[in-house]
Amino acid sequence: MTNKVIYKDLGTMGYEEAWDFQKKLLAQVQEIKKFNVDLPACEQTVNYNFLLFCEHPHVFTLGKSGSESNLLVNEKLLQSKGASFYRIDRGGDITYHGPGQIVGYPILDLEAFGMGVKQYVRGIEQAVINTLSAYHIESGRLEGATGVWLDAGKPKGTRKICAIGVKVSRQVTMHGFAFNVNTNLDYYNLINPCGFTDKGVTSMERELGRKIDMEEVKEALSMEIAKVFGFDFEEIT
């Protein structure tokens, strides 16, 4: 059966609302997967996967393996900055989400795509690398860390442009990535991003010296993700 992915741009959505929506879709994919398990292909229900894009109001999230010491201010100061804070169930440490950042939440059955978690993460990284290349921004991976980096491995100047933190439950993914397009990078001064104290963060806007069309980047990135994973891609409104 062909892998089908429904794409949905959720616009600006509160973090908790988006998290709840992910969990709902995750349960749906898992339920249909369980229903299909002993059926011949001709009798199986089509099990759609999902790719969600959104922007969040200012929020910091701490993964289950992260340290709260990487949040450098108290929650009262966060509130004064218009930001919220959530301890969540993805991998990784602390990160920031906010306006001007594309947050991607793929809900994918990795078993259906014939891949493991490591291959999945590398696929997300590659899609972002390809997107940046179209804007003449050279990027890559950093050994021992997830995400997409500029000047990776150089003694000074290494900076992250896309963070990745996922959860996989019964081989179905949730959470995902945060890609800085026109992000206000000042908010990263309130944390040790992803637990690092010796590396920086950046955005497309900073690298190119101009505001970037968010809708254009969303379209380019979604197409790169579709290409990397071999989606039959469907957009709904």
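The protein chain exposes about 11,300 Å², and carbon and sulfur atoms supply 48% of that area (Shrake-Rupley method, 1.4 Å probe; for residues, only the protein chains shown count as cover). Keep in mind that this is a predicted model, where local features need pLDDT of at least 70 and side-chain atom pairs count only at pLDDT 80 or more, while totals for chains, interfaces and linings use all residues. Residues are numbered from 1 along each chain as its sequence is written, and side-chain values use heavy atoms, with hydrogens and water left out.

Now look inside. Buried residues, meaning those under 20% relative accessible area (exposed is over 50%, partly exposed in between; 1.4 Å probe, protein chains only), make up 52% of the 237 residues in the protein chain. As for charge, there are 26 positive and 30 negative side chains, and the centres of the two sets lie 5 Å apart. Here Lys and Arg count as positive, Asp and Glu as negative, and His and the chain ends are not counted; each charge is placed at NZ of Lys, CZ of Arg, CG of Asp or CD of Glu.

On to the fold. The chain has six helices and twelve strands, taken as DSSP runs numbered from the N terminus (helices H or I, at least four residues; strands E, at least two). Its radius of gyration is 18 Å, close to the 18 Å that the globule rule gives for 237 residues, so the chain is as compact as a globular protein of that length (C-alpha atoms; the rule is 2.2 Å times the number of residues to the power 0.38). Along its principal axes, the C-alpha trace spans about 55 × 40 × 35 Å. Of the contacts (heavy atoms within 4.5 Å) between residues at least 6 apart in sequence, 74% join residues at least 24 apart.

Helix α4 deserves a stop. Its 18 residues, 117–134, reach 26 Å from first C-alpha to last, close to the 26 Å expected at 1.5 Å a residue (that is, 1.5 Å times one less than the number of residues). Among its buried residues are Tyr120, Ile124, Val128 and Leu132. An α-helix has 3.6 residues a turn, so residues three or four places apart point the same way.

Finally, the backbone. Most residues other than glycine have a negative phi. His136, just after α4, takes a positive phi of about 65 degrees; it sits in the loop between α4 and β7 (140–142) and is exposed, with a relative accessible area of 74%. His175 also has a positive phi, near 55 degrees, but this residue lies in strand β10 (residues 172–180) and is buried at 1% relative accessibility.
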